[in-house]
Amino acid sequence: MLVTLCVNGEDSTTDVLPRTTLVDFLRHSLGMTGTHVGCEHGVCGACTVIVDGDAVRSCLMLAVQANGAEIMTIEGLADASANLSPLQEAFHRHHALQCGFCTPGVLMTAHALLRQEPNASKERIREVISGNLCRCTGYMPIVDAIFEARSSYQPASPATRARGR
Amino acid sequence: MKLPKFDYVEPTTALEAVTLLSQSRGLAKVIAGGQSLIPTMALRLAQPALLIDLRHLESLRGIAVDEAGLRLGAMTRWREIQDSAEVLDTHPLLVEAVRHIAHYQIRNRGTVGGSLAHADPAAELPCIAVTCGASIRVLGILGEREILADEFFLGPLATALGDDEIILEVRFPRWPSSRQWGFQEFSRRQGDFALAGVAIFYDTDNSGRLENAHVGVFGVGQCATRLSGVESALNGRTNTISVAAEVARLAAAEVTPSDDLHASARYRRALVAVLLERAMALARGERA
Ligand SMILES: Cc1cc2nc3c(=O)[nH]c(=O)nc-3n(C[C@H](O)[C@H](O)[C@H](O)COP(=O)(O)OP(=O)(O)OC[C@H]3O[C@@H](n4cnc5c(N)ncnc54)[C@H](O)[C@@H]3O)c2cc1C
Ligand code: FES
Ligand code: FES
């Protein structure tokens, strides 16, 4: 089936089998391996991407179901000259990653959350990030980094204006 | 695991969807949010030859409140319930239960109709539907019918839905604003399916005595059920600490859990007692 979607601002049309999940489509058809795949049945959150503004598990969505959608992956977070986004900077400052396996999913979850709820409380951040398993860093630095990055998502801030969904 | 092979169609009307379903003679499945079906397929517990995606069926969307109560279209996502000020006003118990369902990303995709059709014994919505006396409107090749939640859930992953039928919407009776309620569940990790859960509500007469008590449990049997023994023990009494302790014991005796991988039956009975006592405290107004 032909699937047309827009990933990080670039449109593409690709022929895929219906059984292809969105994460396999991103990794294998588009060669964008930044999105990781862990459990392949919805429990770990490593595969989180943003579809039409909402964080979703891309192993639980078919590529054909994303036909016509606008998708943002980890590759779209830093700008074209690879300057880290304020959220990524905050992760760096707080040592909010170790092996990095869970990190793309954690960042996309946090990005979607802060775009929709720039004033999310620590409690809310903890609740949301509970859907992303991290086996090495520990959640304290992750929560601290997301909490600190809130300021760059305030409506008037340059970070939110420059980076679309 | 990778998904097994299947064909995929995107009908644009509900009638087209049920026609496709009935033509498939049991080989097709409809897909809504995919948050239960795709894992099931990944684990090869289901291998439908055809997936019928409901995502273009506008008639299955939407939240509506009227004199009769609250209606949720089958394709309503958890997220939309959480974002709706109207639902919070008209059905606080439902909103509290939805808050406990799965994780942020899953709530952006998972739907009301999918949860009812999947009929997991530990799922929140089937319990709220049974406890509140909701009814489920379905469409099949022979037309529409309405099924009471009580008669809809037949056992683990089993419902009264015919092979050619899809859920259109679920209707909750009107919820008086003075109604008192409590919801409690226990799971080992945030977002996991509950090991046990309790939903209660009641109205009170002029002297503060309980009437119309409804007590539902989930995760502790073949499907969510009401505890009629506990309900009749509550009606006509007042919600005091000692009454709560008394009905908690009754509830532990009335439920019929079994041992499984996640917990023993004995542990689940104990959980039900504790959760009911806490839900009674919440209904009394002791909100943490
Ligand atoms: C990690 C994880 C944790 C979860 N935790 C919870 C939890 O704590 N509580 C909870 O309640 N759920 C939980 N879920 C399940 C989640 O809420 C699902 O979204 C929901 O149960 C099914 O909704 P869906 O729209 O995704 O349905 P789908 O997966 O698309 O479909 C599920 C089933 O329903 C059928 N179906 C779907 N829509 C209709 C319709 N309109 N008419 C007839 N049949 C239909 C499908 O054919 C399929 O058999 C969890 C899921 C995951 C992956
Ligand atoms: S790979 Fe998608 S949730 Fe684990
Ligand atoms: S940084 Fe290793 S799993 Fe999270």
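**Exercise 1. The second largest pocket**

Task: For this predicted model, state how much space lies in the second largest pocket, and describe which residues line that pocket.

Solution: Begin with the volume, for which the computation gives about 390 Å³ of space in the second largest pocket. Next, turn to the lining, which is made up of 20 residues, and note that Met61(A), Arg55(B), Arg61(B), Arg77(B) and Arg109(B) are the ones that lie nearest the centre of the pocket. Finally, sort the lining of this pocket by class, which yields seven nonpolar, seven polar and six charged residues.

**Exercise 2. The surroundings of ligand 1**

Task: Explain why the site of ligand 1 is described as shared between chains, and work out which elements of chain B supply at least two residues each to the shell around the ligand.

Solution: First consider where the surrounding residues come from: both chain A and chain B contribute residues around ligand 1, and therefore the site is shared between the chains. Then look at the residues themselves, of which there are 34 around the ligand, with Val30(B), Gly34(B), Gln35(B), Leu37(B) and Thr111(B) coming nearest. In a third step, assign residues to elements, and you find that β2 (28–31), α7 (112–118) and β10 (166–173) of chain B each provide at least two residues of the shell. The element that gives the most is α7(B), with five residues. Sorting the shell by class completes the description, with 18 nonpolar, 13 polar and three charged residues.

**Exercise 3. Contacts and burial of ligand 1**

Task: Find which backbone atoms lie within 3.5 Å of oxygen or nitrogen atoms of ligand 1, and state what share of the ligand the protein buries.

Solution: Start with the oxygen atoms of ligand 1, one of which is 2.9 Å from a polar backbone atom of Ser36(B), while a distance of 3.3 Å separates a ligand oxygen from a polar backbone atom of Ala102(B). Continue with nitrogen, where a nitrogen atom of the ligand is 3.4 Å from a backbone N or O atom of Gly191(B). As the last step, consider the surface: ligand 1 taken alone exposes 970 Å², of which the protein buries 94%.

**Exercise 4. The two chains**

Task: Describe the elements of chain A and chain B, and decide from the radius of gyration how compact chain A is.

Solution: Chain A contains six helices and five strands, which follow one another along the sequence as β-β-α-β-β-β-α-α-α-α-α. Its radius of gyration is 15 Å, close to the 15 Å that the globule rule gives for 165 residues, so chain A is as compact as a globular protein of that length. Chain B has twelve helices and 14 strands, and its C-alpha atoms fill a box of roughly 60 × 45 × 30 Å along the principal axes.

Technical notes
Residues numbered from 1 in each chain as written. Chains lettered and ligands numbered in written order. Predicted model: local features only at pLDDT ≥ 70, side-chain atom pairs only at ≥ 80, totals over all residues. Heavy atoms only, no water. Near = heavy atom within 4 Å. Polar contact = N/O pair within 3.5 Å; in protein donor to acceptor, adjacent residues only side chain to side chain. Areas by Shrake-Rupley, 256 points an atom, 1.4 Å probe, with all protein chains shown as cover. Helix = DSSP H or I, 4+ residues; strand = E, 2+ residues; numbered from the N terminus. Nonpolar A, V, L, I, M, F, W, Y, C, P; charged D, E, K, R; others polar. 1 Å grid on protein atoms, 1.4 Å probe; cavity = no way out; pocket = protein on both sides within 12 Å on 5 of 7 lines; lining within 4 Å. Points joined across faces, edges and corners; volume = space filled by probe spheres on them. Rg over C-alpha atoms; globule rule 2.2 N^0.38 Å.
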